[in-house]
Amino acid sequence: MYEPWRVGVLFSQSGNTAVIEETQLRGTLLAIEEINGEGGVNDREVIPIIYDPASNCESFARLADRLLTEDGVSTVFGCYTSSSRKAVLPVFERRNGLLWYPTLYEGFEYSPNIIYTGAAPNQNSVELVDFLVKNYGTRFYLIGSDYIYPRESNRIIRELLRQRRGEVVGEHYLDLEARPSEFRLLMRDVANCSPNVIFSTVVGQATAFLYQAYAAAGFSSRFMPIASLTTSEAEVKLMGSDVACGHITAAPYFESVNTPGNASFVSRYKKRFGEDERTNLCVEAAYFQVRIFAKALAEANTMDPDILRPFVLGSEFDAPQGRITIDRDSSHTSLWTRLGRVNDRGEFEVIKESGQAVKPDPYLISH
Amino acid sequence: MIGKVSFADMRAVVSHPRDADGELIIRFFQRSEALVQFIWPPPDKIDKHINFLVCLVDPAARALLETTTTESAVAVMGILDPARQESLRLLSEVTPHSVIMSPVAPAALLPNVVVAKHNAKFQQRLNVKISKLEETLRSYRKVEQAKAILMRQRQIDEPEAYNFLREQAMRRRVPVGVIASAVVDLNEVLSDEKK
């Protein structure tokens, strides 16, 4: 083999969002190992340089800069929270790097230096709000972690609700480090407001505290479910199946999706990381974005972002969720819209899905 | 990077009198494998395939400096004679991507070429980003107008109006802004007819 291709990897392996970011790291590594197992890209191995930003935005910015300058890489796979993405964005724009971001987020962003492979609001929130209003009612109680994504996401939810003649009956933000007792206290206010839906934008390990507090308060998911865009198989595992049962998440991918490629993907993942490990929307995006990168790299045969990027835009891939496309106009990805409800085994049962990938509309121009 | 440097992808024009500075600059580019040509007196424009310009900051080169520094596809490095008042004034008006004082110190060339190249590229990326965002704003406005027209004329609510626009865009495989513009334009034509 010739000199390897070096890429950067930035996912937290410690701190409060490590529970999900570690799964993104695994998805990334699985793809890289498979690519190398198949002979690399144009006979050159892909070597990841991995740092742990420890769920800290300043570390994200510092390590991104180190990757692009000292380590001399130009492509980086990384970031979960919007605040970490916002922290590294100026670094990538100034140094002309390419960041691959495998996480759903609140939209309203475009950078020529980012490839967005997670869902934009039109690919998850819109369908979810429609479904909830139709099946449970129009009174929403919003609970989120206190940072950019939950506040921005809720601004959109509020607007979508207004269009559908719904109302926000309560809105509350808790620290990313919030303790279980704070969530238990909050459940009293929820009971007083009697909403039809709790809409959660709580992320990381605190997700488990919310659902556990809900269960302890004796609420029923049949009448007042918790709906979320971020509660995935990883968080369900953390809180326990009994606690998660009946709650609803909108995502492009669940471990249970029935597509030609998914069964094999799930078994390769378990074989590599253990039978107990479960795939989720973030694993899947982290995986397929490396695959798309490798495809584009094989054609461009250079890591120079100005040359590589045109090969990425417009490219299609049969991902575990189904066929997806990197959108030329927006640098976001056409993804499938799915709604899943947790069953008593802790698996998401798909209760609604789009017949094809949905074009990203990150600025919600047509919603 | 410093020491062994190659600008093999560079197509440069040096618009500078063929004096000691001029010769020094030409030799620098030839050593670094760039394609380079001398053009003096300065032309008003340079070929589209040129991506680097070295230009004496001189009133005779005003037109060239103005066009190249506003269309940022080319990186511009200025050579400045600080003794001349009119050159200093011109410098503040055209602001090249980097600038070197005359007489040119050989060691000043490499860092200033690198900085000019990077500054021009960064500016270019920001311009791409800005035009994308402006395009987004324009379609936003059109879609809002089209939505209002549809709601009024068809007695439908907001989500239904948006749905209509999205479905039409998807069926015709065009951006939703294009459909919205068509609705707005057609509505104008029709309301003109009524008058």
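This passage describes the overall architecture of chain A and then the packing of two of its helices. The model is predicted.

Chain A contains 12 helices and 15 strands. Its C-alpha trace extends over about 65 × 40 × 40 Å along the principal axes. The radius of gyration of chain A is 20 Å, and a compact globule of 367 residues would have a value near 21 Å, so the chain agrees with that expectation. Burial can be read alongside these dimensions: 54% of the 367 residues of chain A count as buried. As for how the chain contacts itself, consider pairs in contact that are at least 6 residues apart in sequence; 71% of these contacts link residues separated by at least 24 positions.

Turning to a local detail, helix α11(A) covers residues 281-300 and helix α12(A) covers residues 305-312. The axes of these two helices come within 8 Å of each other and cross at roughly 120°. Because an angle between 115 and 145 degrees is neither roughly perpendicular nor roughly antiparallel, α11(A) and α12(A) are oblique to each other. The crossing has a right-handed sense.

It is worth following this contact down to its residues. On the side of α11(A), the participants are I292(A), A296(A), L297(A), E299(A) and A300(A). They meet I307(A), L308(A), F311(A) and V312(A), which α12(A) supplies. By residue class, the contact of α11(A) with α12(A) comprises 8 nonpolar residues and 1 charged residue, with no polar ones. The charged participant is E299(A), contributed by α11(A).

Key: Residues numbered from 1 in each chain as written. Chains lettered and ligands numbered in written order. Predicted model: local features only at pLDDT ≥ 70, side-chain atom pairs only at ≥ 80, totals over all residues. Helix = DSSP H or I, 4+ residues; strand = E, 2+ residues; numbered from the N terminus. Rg over C-alpha atoms; globule rule 2.2 N^0.38 Å. Buried ≥ 20, exposed ≤ 12 C-beta atoms within 10 Å, placed from the backbone. Contact = placed C-beta atoms within 7 Å. Axes fitted to C-alpha atoms, helices over the stretch in contact; angles between N-to-C directions. Parallel < 35°, antiparallel > 145°, perpendicular 65-115°, else oblique. Left-handed = near helix turned anticlockwise from the far one by under 90°.
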